[in-house]
Each structure stands twice: as structure tokens, then as C-alpha cells.
Amino acid sequence: MKIAVLGTGYVGLSTGVCLSEIGHSVCCIDVDEAKINRLRQGLSPIYEPGLEDLLVKNTALGRLHFTTSHKEAIETADIIIIAVGTPQGDDGAADLSYLVQAAKDLSAHMKPNTIVVIKSTVPVGTNDYVKCIIEEHTNTPFKMVSNPEFLRQGSAVKDTMKADRIVIGSQDKEAALKIQEMYRPLGVPILLTNVRSAEMIKYASNAFLATKISFINEISNLCEAVGANIIDVADGMGRDNRIGAAFLQAGIGYGGSCFPKDVKALLHTADSYGISFDLLKNTISINESQKILLYQKACKVLGSLKNKKIALLGLSFKPETDDMREAPSINIAHLLRGAEAQVVAYDPVATENAKKVLGNTIEYASSIEEAIDNADALFLVTEWQKFKQLDLVKVTQQMKQPLIFDGRNCFSEEKVRACPRIEYYPIGKPAIITGKDEIN
Ligand SMILES: NC(=O)c1ccc[n+]([C@@H]2O[C@H](COP(=O)([O-])OP(=O)(O)OC[C@H]3O[C@@H](n4cnc5c(N)ncnc54)[C@H](O)[C@@H]3O)[C@@H](O)[C@H]2O)c1
């Protein structure tokens, strides 16, 4: 099939690359010329494991192309997939301006009976709205399909090739079956439904996962208060098939380009229908509190943070991505700078993106050693594998004070206790202090 993909972000690029991998002829369009130039050279503009290899392979096979010209990609396409951003607007609702522009862009060039697929995450009713916009701009007949995306950044290729399910929503059976056919080589289970249900499935899924995170974070705070251990509690809960082990890792809150904005957009939809979705309101406020937990713990232990050197390990909102959108590190850095601490951060891949957000308010180290050298405290913010493998004895020896606030529970009790001198504050577990008296 000939497919055009609008938008080469995490979703558009992963989708385009994976569809070419299963044999389709794909042309990806972006309005960002710099991105397209990089892609044409076989370079991925985002850090996503495995993506660049497939990009290079399928470009060489002639199945994958990149352009800034909507006309070039759209006039021959059987299927057009819209994967542009739907960021959070000022009032919490999804900002649909990129989507509306994309609809106008494609309506000028599409051939008759093209299927227009909305993959971007959009509020219920948006597919109908976009259909009207396209109809206003062209008399060419076309069909609409809602096909929300569930991939996770950091494992986008794997999640696309081996998804748990693919959701296809359409009022037009023939169009739905054609999209089902497009995905058939993946062998992924497919759910066919109507458009509004497909739109709702995406928001309901993200809101549920975000709520699961806030729930376990609240439980972890309670564990700290009562002297329980969140690792064992989550393990014990997760072994129950009705609950499941995923998204039960207590930490310093969710971030990223999806959960924060999607939860708020769903809340906005509920509000506009007169439904007070209190559970979601609490999910958001718990998450906000959780993001500042490490800072609060540090204030309690150190008192004033003025002129203290704090090493931040991890900047991206989660490991295996360079995405800084809504990363807890941003809140933490702002708080620490507000308290006049010296902040020196290290991240394996997100430093360049972090500079765009945090500028020169903090310092950026080019190695872990440089960040922790002579530090008064270390904040573990993102659970990159290389941080989990750190030699804590060496780390604590290099610091001015062996004080670690671990926001992601990266280290086992055994590993921490092996340090002759450490003061270690995890999430939802008792603190460990060696070389002094142990506290609870
Ligand atoms: N990032 C994720 O993990 C994820 C997962 C599931 C769903 N989603 C949803 O998918 C959508 C895209 O997310 P993303 O993270 O890939 O976005 P992104 O911001 O990384 O990329 C969007 C791209 O679209 C391009 N664009 C904007 N207008 C365009 C137009 N008219 N024509 C062509 N290109 C245009 C932008 O230049 C940009 O490169 C959003 O609705 C998001 O909520 C994202």
C-alpha cells in the first residue's frame, strides 16, 4: 500500500518506519526542514532504540522516503496517517491547531477515496470535526478512520511491531478493513469499534495508567510513614493477575509528552459534559506533590541548600529517551535553584534537549564522575541502566557527603548496606544510614 505519514515525531516516525519494514511504501512528511534533512541522511532526530537501523535499511530498500512537500507525498497515497502533535492548550484542553492545519494541508492534494487516519491522540468528537474541515476544503470523496497510538517512548519500535492491540474506529466498514489489512503483517490483535469509542479508549488507557502510578505513589508515602517496604508491597500486589505488575513502580511521578496532557484533556472533556472526574483531579495533584518529594527530603536532611552542590543523575522524563517534556527533573532543578543550590546534572542522552528547557540555570556535566565530584548530595532522577549499575562505594567516596536521594529506587538494600559510609533515602522504604546510627 502507498502510505503518507504527516509528522515525523515519536509516533509518526516510528509508524512510518515500521510500516515500511513490513513492506509498505511510505512517505513521511514534516514541516520541519531540519528534521527532514537529517532523516534523508539516515539520521533519526529522536533517540529511540532500534529506530535508526530500520530507517537506514528501509530507505536503502526504496520503501521509505522523506519530504517537506505535502503534495509530493499525498497525491499518490492510498492512506494518509496524521501523527502531528496535540499539545496541551492553555485551558487544559488538547490544542488541535496542528491537526487542523494538517487536515487543510492534505485536503488540497488527496486523490479520491483516500483513507485519512487520525493517529494523534485527540478528544472524543475530533475525528468528526476534522472530517468537516476536510469537507470544507475539498469535494474529493474520502474516508475517515480513528487509529490511536499506544507506543511508549524508549521502546517505540518494539511496541509498534509487537503491540498488545491495535484499535481501529470507523463508521465505514470497508475503510476499517483496509486499515486492518495494512497492519496484518504485524500479527497484532485488532479491535474494531466506532470512532468515538476508539478516541475514548486512548484517553481512558492513559488516564488509568497515570492513576495507577499516582495510586502506588500514595501507597509508597504511606509505606514510609508506617515502616513498610513499597518494593515488597508492589510485588505482592502485582502478582495478583487482576492488578498486574506494570506501572506499580513508586517514584517521583509521571512526566513525558502524553500522561500529563492526556489526563488534563480527559478532565477537560469530562468538565465540558458536566461530569466532575474527581479521581483524575487527585491523580494530577498527587503527581505534582510527588515531583517535589526529593527536594523536600533534601531540605529536611540538609536544612539550607544554599551553595550546596547537588548532583542530578538523569534529566529525561524516563530512561531510553531524550525527551524532556514534563520531566520531573525540570521541577526539581527549578526548586533547587530557587534555594540557591549549585546544580550539576548528567544525562546519557537528554542534555541537549535539557539545555533548551533549563538553559544556563544549571550546569551540565559530561560524565557521572564530573557531576558527583565533591557533591553534597546526589538526586537519582531517571533510572537509566548505567545509574543502576553504579558502584556506590566509589560514588560515595567521591562525594563531599555520602548523601543519596533515590527517586527511582535504583539500588537494592544489600548494595546500599555494603557502603561503609552512606546516608540513603529511597522512595517508600526506610532510609539506610551506615557509618552512623541507622534511622527509620
Ligand atoms: N510520544 C508518544 O509517546 C506518544 C504515544 C502515543 C500517542 N502520542 C500522540 O501522538 C501525537 C504525536 O505525538 P509525538 O510525540 O510524535 O509528537 P511530536 O511533537 O514529537 O511530533 C509531531 C511532528 O509533527 C510535525 N508537524 C506539525 N504540523 C505538521 C503538518 N501540518 N504537516 C506535517 N508535519 C507536521 C512537527 O513538525 C513534528 O515533527 C500526539 O497527539 C501524541 O499525544 C504520542
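Me: Which residue puts a polar backbone atom 2.9 Å from an oxygen atom of the ligand?
Reply: Keep in mind that this is a predicted model. The partner here is a backbone atom, and 2.9 Å falls within the 3.5 Å cut-off for a polar contact. The residue that supplies this backbone atom is Tyr10.

Me: How far is an oxygen atom of the ligand from an N or O atom in the side chain of Asp30?
Reply: Asp30 is listed with the closest residues around the ligand, along with Lys35, Thr86, Gln153 and Lys261. Its side chain offers an N or O atom to a ligand oxygen, and the gap between the two is 2.6 Å.

Me: And which residue has a polar side-chain atom 3.0 Å from a nitrogen atom of the ligand?
Reply: This time the ligand brings a nitrogen, and the protein brings a side-chain atom. The residue in question is Asp105.

Me: How much of the ligand's accessible area does the protein cover?
Reply: On its own, the ligand has 830 Å² of accessible area. With the protein in place, the covered part comes to 90%.

Me: Which helix gives the largest share of the shell around the ligand?
Reply: The shell has 29 residues, split into 11 nonpolar, 10 polar and 8 charged. Domain 1 (2–191) and domain 2 (201–289) each put in at least three. Both α1 (10–21) and α5 (97–107) supply at least two, but the largest share, 3 residues, belongs to α5.

Me: What is the volume of the largest cavity?
Reply: There's 1 cavity of 30 Å³ or more in the structure. Its lining is made up of Tyr254, Pro260, Lys264, Ile284, Asn287, Glu288, Lys291 and Glu326. The volume is about 50 Å³.

Me: Which element gives the most to the lining of the largest cavity?
Reply: By type, that lining divides into 3 nonpolar, 1 polar and 4 charged residues. Two elements, α11 (259–272) and α12 (278–291), each give two or more residues. With 4 residues, the top contributor is α12.

Terms used:
Residues are numbered from 1 along each chain as its sequence is written. This is a predicted model: local features need pLDDT of at least 70, side-chain atom pairs count only at pLDDT 80 or more; totals for chains, interfaces and linings use all residues. Side-chain values use heavy atoms; hydrogens and water are left out. A residue is near a molecule or strand if one of its heavy atoms lies within 4 Å of it. A polar contact is a pair of N or O atoms within 3.5 Å; within protein, one must be able to donate a hydrogen and the other to accept it, and residues adjacent in sequence count only if both atoms are side-chain atoms. Accessible areas come from the Shrake-Rupley method with a 1.4 Å probe; for residues, only the protein chains shown count as cover. Ala, Val, Leu, Ile, Met, Phe, Trp, Tyr, Cys and Pro count as nonpolar, Asp, Glu, Lys and Arg as charged, and the others, Gly among them, as polar. Domain bounds come from an automatic or database domain assignment. On a 1 Å grid over the protein atoms alone, a cavity is a set of points where a 1.4 Å probe fits but cannot get out, and a pocket is an open set with protein on both sides within 12 Å along at least five of seven lines; lining residues have an atom within 4 Å of a point. Grid points are joined across faces, edges and corners, and a volume is the space filled by probe spheres set on the points.
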